[in-house]
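The following exercises concern one protein model, and each is followed by a worked solution. Please work through them with the coordinates at hand.

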Amino acid sequence: MLNLDGFIPNEMMLAQQHPLAENLTQLLPDAEVVSTKEIWEIQLRDRIPGILKRLIPLNPLMSWEYWWCVPGRILLPEDVEVLQSDRPRLEAILGKLVWLLGGHCFGENTRWDGDSSPVYDWQQVLAFVEACGIKADLLDIDFLPTAIEPTPNLSRNNRKSTEKPQEYVAVEPAHWHIEFFQIQPIEGGFELALPKKLCSCQIWTGRPFIKNLQTGETLTRYDLWVSSPHDFSTPSWFKSLTST
């Protein structure tokens with residue numbers, strides 16, 4: 001394993017173990033066949049966790065683990081305990097990445113076009129989340145690899161009807177996308193408070209932009225969404241559910 005102890009110690013790459021580890025691989029019915037209530041009842045009866053472990057790349061040779069909330073599942077008290085106790089490790093890693101590359105914070109009133117001023121202190125990211133009115137109980141993290149994709153004119157609503165459509169190429173460098181969630185208690189456990197306010201922090205390895213194929217004009221855009229999250233550890237049972 002590549003040694004980055006001077007930046008992120010190897011032991012920080014590993015997530016905390018789950019007290020119900022023996023139940024992590026137990027199957028649950030397809031959400032399209034049974035109701036969410038039935039799935040939650042099975043979870044509570046058999047103590048099946050609502051989280052699983054995923055891998056987030058740091059470089060081609062190294063990844064770090066984190067616990068991810070599976071959509072449609074209840075969070076058991078044991079899940080929340082794991083998520084909360086593992087939170088300082090996650091924030092330590094994200095804090096180092098923000099310090100190194102800068103974090104771009106986006107809320108409901110933030111512009112997604114044009115240059116964005118990054119922050120280099122994780123505490124400033126948390127202050128932004130608080131200012132958005134979110135109590136950040138949980139973190140959701142995705143790594144999105146570099147993507148290049150043709151895209152139609154994103155400014156069509158701002159052009160005159162007589163203008164011809166212009167085509168662009170969208171470029172999204174690799175980046176980490178962090179969302180902040182609140183949880184609320186329900187019978188037997190917890191659930192994510194949805195819908196959530198728009199609030200995220202993106203740690204970019206480069207500048208996302210679109211380039212006009214006709215004029216060569218280049219514009220910074222943080223709302224391209226042409227890259228898909230890299231999933232390194234989704235188990236076979238979850239892949240089969242999402243592929244139907």
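**Exercise 1. Determine how many salt bridges the model holds, and characterise the pair of Glu65 and Lys53.**

Solution. Step 1: the criterion is a side-chain nitrogen of Lys or Arg within 4 Å of a carboxyl oxygen of Asp or Glu. By this rule the count comes to 10 salt bridges. The model is a predicted one, in which local features need pLDDT of at least 70, side-chain atom pairs count only at pLDDT 80 or more, and totals for chains, interfaces and linings use all residues. Residues are numbered from 1 along each chain as its sequence is written, and side-chain values use heavy atoms, with hydrogens and water left out.

Step 2: Glu65 and Lys53 form one of these salt bridges, with 3.6 Å between the closest N and O atoms. Helices (H or I, at least four residues) and strands (E, at least two) are DSSP runs, numbered from the N terminus. Glu65 belongs to strand E2 (residues 62-69) and Lys53 to strand E1, so the salt bridge ties together parts that are 12 residues apart in sequence.

Step 3: relative accessible area is classed as buried when under 20%, exposed when over 50%, and partly exposed in between (1.4 Å probe, protein chains only). Glu65, at 15%, is therefore buried, whereas Lys53, at 23%, is partly exposed.

Step 4: the surroundings of Lys53 can be probed from Val70, in the loop between E2 and H2. The C-alpha atoms of Val70 and Lys53 are separated by 9.9 Å, and the two residues are 17 residues apart along the chain. Val70 counts as buried because its relative accessibility is 4%.

**Exercise 2. Characterise the salt bridge between Glu179 and Lys196.**

Solution. Step 1: the closest N and O atoms of Glu179 and Lys196 are 2.9 Å apart. Step 2: the pair links distant parts of the chain, 17 residues apart, with Glu179 in strand E7 (residues 175-181) and Lys196 in the loop between E9 and E10. Step 3: Glu179 is buried at 15% relative accessibility, while Lys196 is partly exposed at 24%.

Step 4: the loop between strand E9 (189-192) and strand E10 (199-204) also contains Pro195. A cis peptide bond joins Leu194 to Pro195, with omega about -5°.

**Exercise 3. Analyse the geometry of helix H2, including the salt bridge of Arg87 and Glu91.**

Solution. Step 1: the expected span of a helix is 1.5 Å times one less than its number of residues. For the 25 residues of H2 (residues 77-101) this gives 36 Å, which agrees with the 35 Å between the end C-alpha atoms.

Step 2: the bend at a residue is the angle between axes fitted to the seven residues ending there and the seven starting there. In H2, a kink of about 40° lies at Arg87, shortly before Pro88.

Step 3: the side chains of Arg87 and Glu91 meet in a salt bridge, 2.9 Å from N to O. About one helical turn separates these residues, because they are 4 residues apart in H2. An α-helix has 3.6 residues a turn, so residues three or four places apart point the same way. Arg87 and Glu91 are both buried.

Step 4: Gly102 follows H2 and has a positive phi, near 90°.

**Exercise 4. Which phi values do Arg47 and Trp225 adopt, and where do these residues lie?**

Solution. Step 1: most residues other than glycine have a negative phi, and most peptide bonds are trans. Step 2: Arg47 has a positive phi of about 55°; Arg47 lies in the loop between helix H1 (36-46) and strand E1 (51-59). With 26% relative accessibility, Arg47 counts as partly exposed. Step 3: Trp225 also has a positive phi of about 55°, and its place is the loop between strand E12 (218-220) and helix H4 (236-242).

**Exercise 5. How many disulfides are there, and what is the state of Cys201?**

Solution. Step 1: a disulfide is a pair of cysteine sulfur atoms within 2.5 Å. The count by this rule is 0 disulfides. Step 2: Cys201 is in no disulfide, the nearest cysteine sulfur being that of Cys105, 4.5 Å away. Step 3: Cys201 is buried, with a relative accessible area of 0%.
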